[in-house]
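Reader: I would like a close look at a single part of this model. Please take one loop residue and the helix that follows, and go through them in plain terms.

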Amino acid sequence: MNKFGTTTLPLAGWIANPQRPGESRTQRMQAIRQIVTNHGLDAVELTLDLNAIYPQVFDSRFYQSVAELQQTRGFLCTVHLPFLWVELASLNEQIREASIASLRQAIEVTRAVDVHTYVLHLWGFTTMQVLSQLQDSVQRELVTGVLMSQASRSLAALCEVVDPADLCVENLEDSLFELAVPIVEEHGTSICLDVGHLALQGGCALSFLDRHRDRIREVHLHDAIVPRTDEWQTARDHLALGQGNLDHEAFLEKLAEIGYEGPIILELNSEPDLVQSLQRLKSIM
């Protein structure tokens, strides 16, 4: 049976107060309790950029508290590894090594938690920006090859501290994922399917499930607006279910068909969006 969950971001946001760490920790713990108790969800995804940005607030003691609550309430935990200002595919070796160190630190600080999966962005915003500037196809192919080589080295380093099967490479809002599939297969890691990201790339979630069904161990679910060629709408994702034009009913039916039983994490930005999404799920399940 699928385990639906969400992050603490719709309830507690991205901001903490390093001057009053106790209050920030309490607020985040309350958000976790709300997810499990008020909203009746089975899973919580921990956003580890919070640890990277506010290490003095979300430290090992905080995650020990999360682990104790997890043992009491019995919810599943997933971890989204840091991705802000992180570049695992960087050609600047110092940046790449620092990025690996940041992710390793995030993994270590959550060791007390029973983590089901670790979600990973294998490249960052800078990588996408660099490639977008390369108009010459030969040059782009050469640079992409080197970037993927760097990403592979980084993934190998992370597999030294996490079981590769628990490490889920996420498809992002760019077209690089298919180039990363051989890397995923080489290192034996898993996949996090982000439905909204895939839609913005023009991909079909049902076909993606068919192709990668044996590697998908986590799903990120949100709605997206994917404009037709004759429309002037702006493409957007991370919307509440029902605010976009994705067919979530068909997607959930396909998950059931292939026997997927892993976590489905609602990636949303506000509590009203979370409530709307849960209501939408009730109406279609």
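**Asparagine 171 and α8**

Author: A polar atom of the side chain of asparagine 171 lies 2.7 Å from the backbone nitrogen of aspartate 194. The model is predicted. Asparagine 171 sits in the loop that runs between β5 (167-170) and α8 (177-187). Its relative accessibility is 3%, and because buried means under 20%, asparagine 171 counts as buried.

Aspartate 194 belongs to a longer list of partners. With neighbours within four places in sequence left aside, asparagine 171 is in contact with Phe177, Cys192, Leu193, Asp194, His197 and Leu198. Of these, Cys192, Leu193 and Asp194 fall in β6 (190-194), while Phe177 is among the buried residues of α8.

That leads to the helix itself. The buried residues of α8 are Phe177, Ala180, Val181, Ile183, Val184 and His187. An α-helix has 3.6 residues a turn, so residues three or four places apart point the same way. The buried positions of α8 include Phe177, Ala180 and Val184. Their cover includes α7 (137-158), β5, β6 and α10 (205-212). β5 and β6 thus appear in both parts of the account: the loop holding asparagine 171 starts from β5, and β6 holds aspartate 194, whose backbone nitrogen is the one paired with the asparagine 171 side chain.

After α8 comes glycine 188, with a positive phi near 70°.

Conventions. Residues numbered from 1 in each chain as written. Predicted model: local features only at pLDDT ≥ 70, side-chain atom pairs only at ≥ 80, totals over all residues. Heavy atoms only, no water. Helix = DSSP H or I, 4+ residues; strand = E, 2+ residues; numbered from the N terminus. Buried < 20%, exposed > 50% of the residue type's maximum accessible area, 1.4 Å probe, protein only. Polar contact = N/O pair within 3.5 Å; in protein donor to acceptor, adjacent residues only side chain to side chain. Contact = heavy atoms within 4.5 Å.
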